[in-house]
Amino acid sequence: MKKSIGISPNIETLFGTRDENVRLLEDGLKVTIDLRSNAIELEGAARDVARAEQVFADYESLQRSGYTFNNGDLNSMLRVLTADSTATLRGLADASRQRSLGRRMVQPKSVNQRRYVEAIESHDMVFGVGPAGTGKTYLAVAMAISALLAKRVNRIILARPAVEAGERLGFLPGTLQDKIDPYLRPLYDALYDMLDPEKVDRYLEKNVIEIAPIAFMRGRTLNDSFVILDEAQNTTSEQMKMFVTRLGFNSKAVITGDVTQIDLPNARRSGLLEAIDILQRVDGLTFVHFDEADVVRHHLVQRIIRAYDEHKTHIAEQQMLLLGGGKNSDLLGVKGAEPKSSSRAGDRSTASGE
């Protein structure tokens, strides 16, 4: 099917740098897009052409309404749109408007990030599980700030286990806050990235935003709060049970973690792994799982994560082969002792140079 649509003012901005957005649409929607002097020609299956036409119509409508795309937001929206047949450009843009934080707009950059944000909006407790760089913590903090600014909650509580990543820092000087700050720095980074520093400092001073290690959560009931537990893979079973039972009225909780980066000593069972097993079927909460395709850091991070996963799989396969080989060797030792002996003799003669 072929269809021509009119060229609206500034439509070329939809095409992106070196037409990267057009190529994304062509690959994702299985259509051909050709810019002529007086029209844009779309070619493909009727359903795919209709979706592409809707993208152009939504973009024109958003431009007329004064909507502006910043920092690669358009490309991110198009990636989500091509991966999710139910998504529209207009719907994604309207959703980001609702989540505006002043300095930032919360714009999911993958289908799983979109599911994660929507899950936070619709559930009182959400677990975000996946590798580093997938936006688990950043999006959770963004949603917490959005809820605070919209007065849906009265405070934000950010918690994290005080566990070093494979090394001992030893005694840290200073006040209690000075001692725990190094463990909670990623949460501070997210806050200062989304809000003016003066506003963050004011919220922290008034305890509107509270940052604390999980050890300080015991005995509390958290009402009218947005609570985030970061690095949850480093909680013990007892800590995780304690945390998920702190939730009070009109509150939300988001638990984030990467089960491939557990730093607990003595191989203790991770509270996050146990929670995944125990809470899967509990109504009112949900789990969102990320993979390397959701990584939004440097493109090398995706490749690094994939390489580690492939290495882990390769090691597991080697161990299985060794286990299988050991069983076969035992059988040969029982049934074929003579070949085994001659093999050792050959080894001796080789070693002595005979």
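What follows is a walk through a predicted model, from its overall make-up to its sheet, two of its helices and an enclosed space.

Taken as a whole, the protein comes out with 13 helices and 9 strands. Of its 354 residues, 42% are buried. Contacts give another view of the fold: among those with a separation of 6 or more, 71% bring together residues 24 or more positions apart. On the outside, about 19,900 Å² is exposed, and carbon and sulfur atoms supply 50% of that area.

The sheet is a good place to start looking around. Six strands make up an open sheet, and reading across it gives β6-β5-β7-β8-β4-β9, with parallel pairing. The edges belong to β6 (residues 209-213) and β9 (residues 285-289); each has a single partner strand, so one side of each goes without a neighbour in the sheet. On average, and ignoring direction, neighbouring strands here are turned by 15 degrees against each other.

Going in from the β6 edge, the next strand is β5. The parallel strands β5 and β6 are joined by 5 bridges, and R160 has P213 in β6 as its bridge partner. Cover is plentiful along β5 (155-160), with 5 of its 6 residues buried. Another 5 bridges link β5 to β7, again running parallel. Here R155 is partnered with S225 of β7, while A159 sits opposite L229 in that strand.

That leads to β7 itself, which spans residues 225-229. All the residues of this strand, 5 of the 5, are buried, so β7 is largely enclosed by the rest of the structure. Side chains in a regular strand alternate between the two faces of the sheet. In β7 both faces are covered: one side has S225, V227 and L229, the other has F226 and I228, and all of them are buried. Moving further along, β7 is tied to β8 by 4 bridges, and these two strands also run parallel. I228 has V254 of β8 standing opposite.

Now for the helices. Helix α10 takes in residues 237-244, and its buried residues are S237, M240, M242, F243 and V244. What lies over them? The cover includes the strands β4 (125-129), β5, β7 and β8 (252-257), along with helix α11 (271-279). The four strands named there also appear in the order of the open sheet.

Helix α4, at residues 73-83, is mostly covered as well, with 9 of its 11 residues buried. At the start of the helix the buried residues include D73, L74, N75, S76, M77 and L78, and V80, L81 and T82 are buried too.

Finally, there is the question of empty space inside. Rolling a probe the size of a water molecule over the atoms shows where such space is left. How many cavities of 30 Å³ or more does a search of the whole structure find? The search turns up 1, and the largest cavity has a volume of about 30 Å³. Its lining is made up of M125, L222, V227, F243, V244, R246, L247 and A253. Several of these residues have come up already: V227 is one of the buried residues of β7, and F243 and V244 are buried residues of α10. M125 falls in β4 and A253 in β8, both among the elements that cover the buried part of α10.

Note on methods: Residues numbered from 1 in each chain as written. Predicted model: local features only at pLDDT ≥ 70, side-chain atom pairs only at ≥ 80, totals over all residues. Heavy atoms only, no water. Buried < 20%, exposed > 50% of the residue type's maximum accessible area, 1.4 Å probe, protein only. Contact = heavy atoms within 4.5 Å. Pairing = 2+ DSSP bridges. Axes fitted to C-alpha atoms, helices over the stretch in contact; angles between N-to-C directions. Areas by Shrake-Rupley, 256 points an atom, 1.4 Å probe, with all protein chains shown as cover. 1 Å grid on protein atoms, 1.4 Å probe; cavity = no way out; pocket = protein on both sides within 12 Å on 5 of 7 lines; lining within 4 Å. Points joined across faces, edges and corners; volume = space filled by probe spheres on them.
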